[in-house]
Amino acid sequence: MHRLTDAPALHAEMERIDYRTTPAYYFDTERVTDPVVLHLLNCCPTVFGLKKAITDLLAGNLDVPLPEATGTIEPGATVRGHVIVAPGAVIAEGAFVTGPVLVCPGAVIEAGARVRDNTVVGPGCQIGFGAEVTRSLLTGGVFMKHTSFVGDSVLGLGVNIGAFVSTTGLRCTSGPVTEPATEEVCAHLDGRRIATGQTKFGAVIGDSVIVPAGTVLQPATLIGAHTVLYPKTQVGGFFPAGSQGR
């Protein structure tokens, strides 16, 4: 908790934050029903802090009660590490889940899907055969029913990921790729480079966005809520809420 004497400095910091980098620009928190997901969105001044918040949450470093792990893990599912399957959630036979992972109520991870390390699958999400999610937050009602990859990203309510869609978290212009990554990924707004504080950062996709089949999202792509994306091989940069991307 911030001390009272910290308040002016904190207020000044918030004034310097571009509203287009805040969770509120991309996600309608009044429609977020899960208390854990809502806490994550509310505790981060910018979307770039959500990855660390997820890691802290699943490590038990946030003062947030996690749901009881009373959901369904079907025989034949492969589950390793710390995986919380909330009431009403299902990890189906033939699915692969490697923790730490939280699967929220009503979410279904179907046969042939893979979810791994530091991911929160929000309520009502459906992850289908061949889909892979890692180090990401799916806020709720996300559909990934086909072969696709989402990593180091944040997806809003009702986002639909088409077949063979992929996020990318590292820029190919930074020289030889190292693991772990060492160079910070930056977003771009109005021609300015915005530091993400992350060495891997995929995309932020706002509420109700449909990502067409075959689309590759470049690192630090920011897509505002209700944006319409037309089929295109590669998408990158910033798309204002309600805009059309061609």
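Here is a walk through the structure above, from its nonpolar interior to its charged pairs.

Keep in mind that this is a predicted model: local features need pLDDT of at least 70 and side-chain atom pairs count only at pLDDT 80 or more, while totals for chains, interfaces and linings use all residues. Residues are numbered from 1 along each chain as its sequence is written, and side-chain values use heavy atoms, with hydrogens and water left out.

Let's start inside. The largest nonpolar core (buried Ala, Val, Leu, Ile, Met, Phe, Trp, Tyr and Cys residues joined through side-chain atoms within 4.5 Å) has 35 residues. Buried here means under 20% relative accessible area and exposed means over 50%, with partly exposed in between (1.4 Å probe, protein chains only). The residues with the most contacts inside this core are Ile91, Ile109, Ile127, Met144, Ile161 and Ile205. Strands β3 (83–85), β6 (101–103), β11 (131–134) and β20 (203–205) each supply at least two of the core's residues; strands are DSSP E runs of at least two residues and helices are H or I runs of at least four, numbered from the N terminus. Apart from this core lies another, of 33 residues, with Val64, Leu102, Cys104 and Leu137 among them.

Now look at Ser148, in strand β14 (residues 148–151). Ser148 is buried, at a relative accessible area of 6%. Its side chain reaches the backbone oxygen of His146 at 3.0 Å. Leaving out residues up to four places away in sequence, Ser148 touches Gly130, Ala131, Glu132, Ile161, Gly162, Phe164 and Val165, where contact means heavy atoms within 4.5 Å.

On to the charges. Side chains of opposite charge can pair when their charged atoms come close. The structure holds 11 salt bridges, each a side-chain nitrogen of Lys or Arg within 4 Å of a carboxyl oxygen of Asp or Glu. One of them joins Lys51 and Asp152 (2.8 Å, N to O). Lys51 lies in helix α4 and Asp152 in the loop between β14 and β15 (154–155), so this pair ties together parts that are 101 residues apart in sequence. Both Lys51 and Asp152 are buried.

Next door in sequence, Lys52 also sits in helix α4 (residues 50–58), and Lys52 meets Asp56 in a salt bridge (2.7 Å, N to O). Lys52 and Asp56 are four residues apart in that helix, so about one helical turn separates them. Lys52 counts as exposed at 52% relative accessibility, whereas Asp56 counts as buried at 17%. Finally, salt bridges that share partners join Lys51, Arg116, Asp117, Glu132, Arg135 and Asp152 into one network.

How values were computed. Polar contact = N/O pair within 3.5 Å; in protein donor to acceptor, adjacent residues only side chain to side chain.
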